[in-house]
Amino acid sequence: MRSRPHLARSGLILFLLAGSVLAAPKPEPAPLDPQLTTLSPLGATKGAPAQIQVRGKRLQDVHTVWFECHDLSARIQGITQIEETEQEKGDKYYRKKARALLGQDREELEFQVTLKLETSEETRQGLHHFRLVSPQGLSNSLSVQIVGLAVKTEIETPHVRPSQAQILEPPTIINGSVSQKGELDYYSFEVEAGKTLSFQVLSGFELGVNYWAQTEVRIYEPHQSWFGTEQAKPLILEGPKLSWEPITMRSPWFDRRDFLAHFVLYPGLQHRFEKAGRYLVSVGAFLGRAANHDYQLRITPVDASSRHSVDAFAQPAHSDPTDWLERDASTLRQLGSFRRRLGEGRLDQLRARSVDTQPPEEQKETALFRSISEKEPNRLPVEIREISIPGLAEGRIDLPGDIDHFKIQTTPGQALAFEIETPHLSPPHFSPWLKVLNAEGKVIVQNIFREYGGNGIDPNRYLERKTIHTFQEGGEYTVLIRDATDTASGEAYAYRLLVRPQIPHVGRMDVSLGVFSVSSQLIEMTDRLNMRPGETQKLTLVADLEEGFSGELSVQVENLPPGLRVYASTPASWSHLLVQGIQYRPPGVELMDPSTHRPRRQAVTLLLETNSEVEPTSLPRFLEVTARPMVSGELGPTLSAGRIPLMILVPEQNLTTKTAPKDKVALEK
Amino acid sequence: MRTTIGRKLLLWTFSGGLVFAQGTSGQQPEQNDSILSLRILPERIMLSRKAASQRFVVLATTADGLERDLTSQSTLSVDQPSIVRVDPSGQVRSLQNGEATLEARMGSLKARASIEVESAGQNRPFSFARDIGTVLTKRGCNSSACHGGVKGKAGFKLSLGTLHPREDYRWIVEGGGYQVMSTEAKGLRKPRIDLQNPEKSLLLQKPTFAIPHGGGEQLPLGSQDYQTVLQWIRAGARYEDETPVKGLGVRGIEILSGEVVLDTGGKQQLLVSARLSNGRSEDITQSARYISSNPEVVSVSSSGAVEAVSPGETSIVVRAPGFVASTRVGVIRGLVSDYPQATATNYIDDHIFSKLRRFHILPSEPTSDEEFVRRVCLDLTGTLPPPHRVREFLADPDPRKREQLVDILLASVEYTDYWTFRLADLFRVGQTPTGMAEHGYIYWHWVRDSVAANKPLDQIARERITAQGYGGASRHFLNNGVVPRPEDAMAEQVRVFLGRRLDCAQCHDHPYESWSQDQFWGLAAFFKRVTRTEWTAFGPSVIYDDPNGPDPDFGAPADSARAIHPRTGQEVAPSLPDGIPVAAHEQTSPRHTFAQWITNHPYFAEAAVNRVWGYLFGRGLVDPVDDFRSSNPPSHPRLLESLAADLKQNGYDLRQLLKRIVTSRTYQLSSTPHPGYEDNLINFAHYVPKPLDAEILLDAVTTVTGVPETFESSDGGMAPSGTRAVQLSMPDIYPSPFLDMYGRPTREQIPERRVEPSLNQALHLLVGSTYSEKLAGQGGRLERLLRPGKADAEVIEELYLAAFSRFPREEELGALVKLIRQGASRQEAFANLTWALLASREFAYNH
């Protein structure tokens, strides 16, 4: 069903980036485009037919399911108006808040669309994004997870008590739903002594409901209470229980995709069962915060060798072509990932995002890349190993409080970058703390960036994956690396430290519909463009200019339909906030120079305008936003900055909106 | 009970003959009493230096079990009068080097004490701290009400009880006005001594009232203390250190008399000894200051003679320069003849019954099985036993059934739930105390896992104090989302784990205790490195210690994040109470040192057992449980020591401790006191009924009615169906008028539960939703009982077992059956009966 737009026409804009952003979002007129909120179940087995229910608003006229890839397709089988449950009525507090912010004065009707999903053995496993298309436009996207294991479905009968637990046989995946707030779904399974099982869960999020709704998994052994109550005995689980993972979610305040990270219960729950027998696992919304909360639970055995490896569960099936190194493809982290792979290839990766102006001699020098491994002990000068520049040091925090020492030799004025990778455990569970000391033992630079936040008293300290510094004096420096705590150690606390010359380059680029002025964060008021003839729409492109990149960027918007033009604007007056953020400086305290840890950022606003003769499109197409670095008039490679699906709609006055009947309808398309 | 003194003396003169009978007073045994034994206190002493002296007391144990001070009725003599001499009051003075024996005779009974005299020709070196400090302490000049107060008096500040003699010396010889927030002197510095005209010294003229003095005359002109001060000034008013190298520095004081029991009108002389750094002791009875904590029970003279005033129990606080000690004194109501032999189950009973016997308090009878099963279930699991278990237990003939039940309860999930709740209360688990619900959630998990694994209490303490990273325990360093100030973090740990409240010492030396401001800030400094980091814009906080302080790269750090001594304005280095700074170590958090100090300190085990004792008995051996101080001594100091030693020996095992206590006879005493002992609440002669805490009460109501409570959180969440109040991980996100009404704490500060009856509670009981909804609720116990058409008597019996863990008495059953039959409907009648049971004191209390 997916229709991939061809490059029909492109508009080219060359613009000197100097920054331009939109002001804070204003209440907008009630939207007409379809909006998806949830799907149920969250996934299916590849090659097997499946039916999926999608809920949302303004869905009465949807006619097409649009996937971003060719692996799978879906048909609409029916559309039903949803009666609001008592529980949902209770959630109106949040809905009202969201509506108030959006300037909406009434609760909209909700619909459920039944999709028939068609996959094959070739369908890639992972999350596949899809949208629904109606004459009013293209919807936001939701993701359906395709897996290889046969997916079981939660039984119809209640299994909210240990004695009612549904029996599972790992390895298995089960689609379930927490229908009531506070509900716990119980499952039971047999396990052999000494086996380690992994419990992973994917859960859905719903616009307008508590945005922090998460899924909680707990493991128990059956227990016969002397008091006669039915209460299973929770197992004591090792390892973290709470994590901090990025979630592609929808905020209740704005109709937008939001990549901000949020707390989730640790998704990689593992447990070694010392005793053989039957155990229980429960799934529920965190603190009972959500109802009609769909989840997909996977229980799989874990080998000792793969204990720290990253699993593919609940990861995108296809990589995002606009993704750049700062976003972790395996965990979806948008900011501050410590898991990107570092090594010799890293230098080429960075050079590929710039204009190659380096003299051949220097290139030779930097090509002499060496790796070393840390060995204990390494505290005495004779024990300390030298990291060549460029070079990589691999090590591990072997004992609590272990501080690994290395040395580097620098030349006067040498501009270096220190990058850290933590292949197994990442912050906040492992917080690698880097310090560079001069000969007198004074800390010259470290990877903790401090800035004053909201209250102006308690500074925020960010553990940074990359730190840059220009050494005014040449000579020997000591590099220390440790965990911030003195309690963590072991195999999982491995790190890779890359020391390299700074390579000015273009970093992460984001295309959005604006910037949230209060926190100077990028926002996307929508993740798609639905335009009508004679309309304008602004886009903001923000680029991170890393390690002293001082050139310019040429920006190009491709795949424009006939009748759509793009203009570049002058920079907005407050775009400097993107560079430093807002800091509340207490009297007598100097702010830390952010350039050691943060890229310079610049923004440009693009204006899209459709003329009155523009032809409506029946299916979406991607607007491809690309940028090319430019130094001294020389252009570098083309870098993908963003892909935004676009539809040109028929004029509003020509539309007739249908209202779906309350009874179930079979609206075959 | 008591005959006149004259008559007693007469009797004793006939029976044995008294030498020092004239003009004496005090206790004597009854006519038909006989003295069983005699002893002299102390039994062995060393008198060092010229004119050294020691006060002795002759104690006689009589058949009624009391030990009376009969010094003045004894014949005292020494075998070597050339070495020491003794006066009738028991005061012995050295004359020359040698050994001697002091003998006390009373009739045919004798007691002896050994005396050794050394260095009789040498004067004891002068020390400002010791000699002038004694005068200032004894005369009350440096008491908290006078110049020893927080701000001193009239610009003249002395440290409380000569805690800081060097500072006192400076204020005396250099003069100047004291300022709380600065080390600088206020105003013109005019010495308070006059070396040219010593008698004109302000230090003498004020207390002798030669010139106006707000405190009146405190130092009579010409008194020995006056002479001491005058001679010191005449000799040049030198400081002269405590001479620790000569072994004469004082390391502590001790009240030799120990616990004192008096009958009405009884008297006893206290003996106070200073422990010297050379391992010897020195009598300071005459120079100490004595304060009765309750003069309505006992009075105490300036020389340490205690006299009974009225029945009761209190403590005498003794102050000597730099030190404070206390002892308990009880005045018995009356002698109990034929005191029964109570069987002790373990050492707890030995201590409790021994004191009860000394105080002539009758212990109650052992509790019934009905009372025990309810009591122990509530105390170990916070849960009422179900009726079928009560029946089983009552029918079980096994003599070890109580111990077996304890084992079952300690292994139950309900035990884990309940003690998680207790510790979560103490550790302040909640959304606000940790900044966010997710933090509170993992903090709660840490507590629960610790309880479930029966983690040793010292390990729990170390983990909490040194918590780092992103684990559950570290979340308590994010109070309201902000890393707490070092002083707040430290004071909380000390209060939680040592049972001491140091907060006062934050701004000034503790006004009543020997905690100095320097010690406070030295301890606070262990937390000054604590900081946090994130890794995304709104990332999770990782708690860690930055060796360079929280803000090394920001120029001048914010004061909020450093341990700054408020008086000196200087940053303080971490130091234990000995004042020696602990060396900073880059690799490890200094909090490890603090945690080791806390958990190795004898106070730790004492505070832990006292807290647990408090949970079980409704009051601690020291009460309030986290207010250990010299002026609030334990009711049973030796028991506290034994429990602490036991806890330590058993690896700080909470379950072992609980088992030890609940299997004791003391715990298993009936809640019905013997007549006359109803108001005796501190000696554990009977189990004092305690009101159920809010969560336990609500859970009990739920259990009896069988209608589960629903807990909806303030953010729209819902606890799983069947969740009990004690299982709530973060009470502050679950609003509950019922729980708030019955004293649920917010946990924003260390919780202090006060379950005071209120009008709101009474109204809620009558018309409140908790009761009405549960009584009318579908699927509850009543509905189940009434459905099969059980006989009324059976239903009544079941309700009694559910609510009270006992069968209704015959008269209750008969009356209730009648009432039920008279009701408009059976359903309504039983609903009313259930309400009546829930509204009863028997239900709302653990007894």
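This passage describes strand pairing and burial in chain A of a predicted model.

A good place to start is strand β4 of chain A, which spans residues 50-57. Six of its eight residues are buried, so β4(A) is largely enclosed by the rest of the structure. Two pairings of this strand can be followed residue by residue. With strand β2 (residues 35-40) of chain A, β4(A) pairs in the antiparallel sense over five bridges; here A:T38 stands opposite A:R55. With strand β7 (residues 110-118) of chain A, the pairing of β4(A) is likewise antiparallel, and it runs over eight bridges. In this second pairing, A:Q53 of β4(A) faces A:T114 of β7(A) as its opposite residue.

Further along the chain, an open sheet comes into view. Five strands of chain A build this sheet in the order β26-β28-β35-β30-β31, with mixed pairing. Its edge strands are β26 (385-386) and β31 (443-446) of chain A, each of which pairs on one side only. At the β26(A) edge, the partner is strand β28 (residues 403-410) of chain A, and the two run in the parallel sense over two bridges. Within that pairing, A:R385 stands opposite A:F406 in β28(A). In general, strands of a sheet pair through backbone hydrogen bonds, either parallel or antiparallel.

A single residue, A:A285, rounds off the picture. A:A285 belongs to strand β23 (residues 277-285) of chain A. With 27 other C-beta atoms within 10 Å, A:A285 is buried, because the cut-off for a buried residue is 20 or more. Finally, A:A285 and A:V511 are 226 residues apart along the chain, and their C-alpha atoms are separated by 33 Å.

Methods. Residues numbered from 1 in each chain as written. Chains lettered and ligands numbered in written order. Predicted model: local features only at pLDDT ≥ 70, side-chain atom pairs only at ≥ 80, totals over all residues. Buried ≥ 20, exposed ≤ 12 C-beta atoms within 10 Å, placed from the backbone. Helix = DSSP H or I, 4+ residues; strand = E, 2+ residues; numbered from the N terminus. Pairing = 2+ DSSP bridges.
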